[in-house]
Amino acid sequence: MIDLGYVFAGFFVGTIVGLTGVGGGSLMTPLLIFFFGVKPYMAVGTDLLFAAFTKLGGTVSFARQRIVPWRVVGLLSAGSIPACLVTIGVLRWVGPADPKVQALMTSTLGVALLLTAAAMLYKAVRGKQVPRQLAAEDEARATTPRHWSLPLLFGALIGTLVTLTSVGAGAIGVTVLMVLYPLLPLPRIVAADIAYAVPLTLVAGLGHASLGSVDWPLLAKLLTGSIPGIWLGSRLTHHTPDRVIRSLLSVLLAWAGTKLVLI
């Protein structure tokens, strides 16, 4: 029954990831730790590879729908991948991260997620609707950041957080994209967030695997459920109103933030 629970957990998280771009670390890591009793260091490493393979399936689905803004993905990856490699190098040099530092990082990130959830809920209730479609002539303007350096800087920050905690690629990424690219329709924001997280979580996950922090049998069970789940979620994102998605996103972030603060 515990194996079936892993499959259902993978399907649930995969569906949420496909629908909102959030869930890889924000949901799966707390689930593994609190519901299945997986050790935190093993949950982080396993979840990173889980997110990589799960979001790869979502990226393929979004790419076929031609809604992935690859220019945005490239800019964020240019900041996040180098930061990820540097962080892995530091972890390898100093050994396992100090538990007190990890606790501080997790608590800080939890508070950030709670604040983000409040802002997201306010925007869902009081904010203006973002267009669901983007005209071809508006593509360049919508995918141009407020400043060229901002995606690189935020990408580096996210890359560091993801490598240390497995959290941030989805939860923080969606929010960052909404701030940097306010004219980008929500489905494209979700698609960009999922696509750029693939190389980031893959590199970070392989780095953790080299440190012995990946449970491979557990990973296989989670992926059995998540691959069809993210395919379903990526299909539903076009048929779900923006306000519903934003409200759901705020609830997920609040839940994840609360769990992280209480770890």
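Which residues does the UniProt annotation "transmembrane region" cover? According to that unreviewed entry, the stretches are 7–35, 41–60, 72–95, 101–122, 150–183 and 189–211. Keep in mind that what you have here is a predicted model. The protein chain is built from 11 helices and 0 strands, and a few spots in it are worth a look: a nonpolar patch, a salt bridge, an aromatic pair and a buried alanine.

**Overall picture**

- Going along the sequence, the pattern reads α-α-α-α-α-α-α-α-α-α-α.
- The protein chain has 263 residues, and 54% of them are buried.
- Take the contacts with a separation of 6 or more: 87% of them are between residues 24 or more positions apart.
- About 11,700 Å² of the protein chain is exposed, with carbon and sulfur atoms supplying 72% of that area.

**Two of the annotated spans**

- Residues 41–60, one of the spans that the UniProt record labels "transmembrane region", are 100% helix and 0% strand, with 29 Å between the end C-alpha atoms.
- Residues 189–211, also among the spans in that record, come out at 96% helix and 0% strand, and their end C-alpha atoms sit 33 Å apart.

**The nonpolar patch**

- Phe53, Leu56, Val60, Leu202, Leu206 and Ile227 together make a nonpolar surface patch of about 470 Å².
- Two helices, H3 (40–64) and H9 (186–210), each bring at least two residues to the patch.
- The top contributor is H3, with 3 residues.
- Ile227 belongs to helix H10, which runs over residues 216–236.
- Ile227 has a relative accessible area of 37%, so this residue counts as partly exposed; the cut-off for joining a patch is over 30%.

**Ala43, tucked into H3**

- Ala43 is another residue of helix H3, and its relative accessibility is 0%, so it counts as buried.
- Skip the neighbours within four places in sequence, and Ala43 is in contact with Thr29, Leu32, Ile33 and Val38.
- Ser213 is 170 residues away from Ala43 in sequence, yet the two C-alpha atoms are 8.0 Å apart in space.

**The salt bridge**

- The count of salt bridges comes to 1.
- The partners are Asp3 and Lys221, whose closest N and O atoms are 3.0 Å apart.
- Asp3 is in helix H1 and Lys221 is in helix H10, so this pair ties together parts of the chain that are 218 residues apart in sequence.
- Buried or partly exposed: which fits Asp3? Asp3 is partly exposed, because its relative accessibility is 39%.
- Lys221 is partly exposed as well, with a relative accessible area of 26%.
- As background, side chains of opposite charge can pair when their charged atoms come close.

**The aromatic pair**

- The structure holds 1 aromatic pair.
- Tyr6 and Phe36 form this pair, with 4.5 Å from centre to centre and 40 degrees between the planes, and the arrangement is tilted.
- The pair links distant parts of the chain: Tyr6 is in helix H1 (residues 2–20), while Phe36 is in the loop between helix H2 (28–35) and H3, with their positions 30 residues apart in sequence.
- Tyr6 is buried, because its relative accessible area is 11% and the cut-off for buried is under 20%.

Definitions and conventions:
Residues are numbered from 1 along each chain as its sequence is written. This is a predicted model: local features need pLDDT of at least 70, side-chain atom pairs count only at pLDDT 80 or more; totals for chains, interfaces and linings use all residues. Side-chain values use heavy atoms; hydrogens and water are left out. Patches are made of residues with over 30% relative accessible area and no salt bridge: like charges are joined within 9 Å, nonpolar side chains (Val, Leu, Ile, Met, Phe, Trp, Tyr) within 5 Å. Accessible areas come from the Shrake-Rupley method with a 1.4 Å probe; for residues, only the protein chains shown count as cover. A salt bridge is a side-chain nitrogen of Lys or Arg within 4 Å of a carboxyl oxygen of Asp or Glu. Helices (H or I, at least four residues) and strands (E, at least two) are DSSP runs, numbered from the N terminus. Buried means under 20% relative accessible area, exposed over 50%, partly exposed in between (1.4 Å probe, protein chains only). Contact means heavy atoms within 4.5 Å. UniProt positions are given in the numbering used here, feature names are shortened, and annotations may be inferred rather than shown by experiment. Rings of Phe, Tyr and Trp (its six-membered ring) pair if their centres lie within 6.5 Å; planes under 30 degrees apart count as stacked, over 60 as edge-to-face and the rest as tilted.
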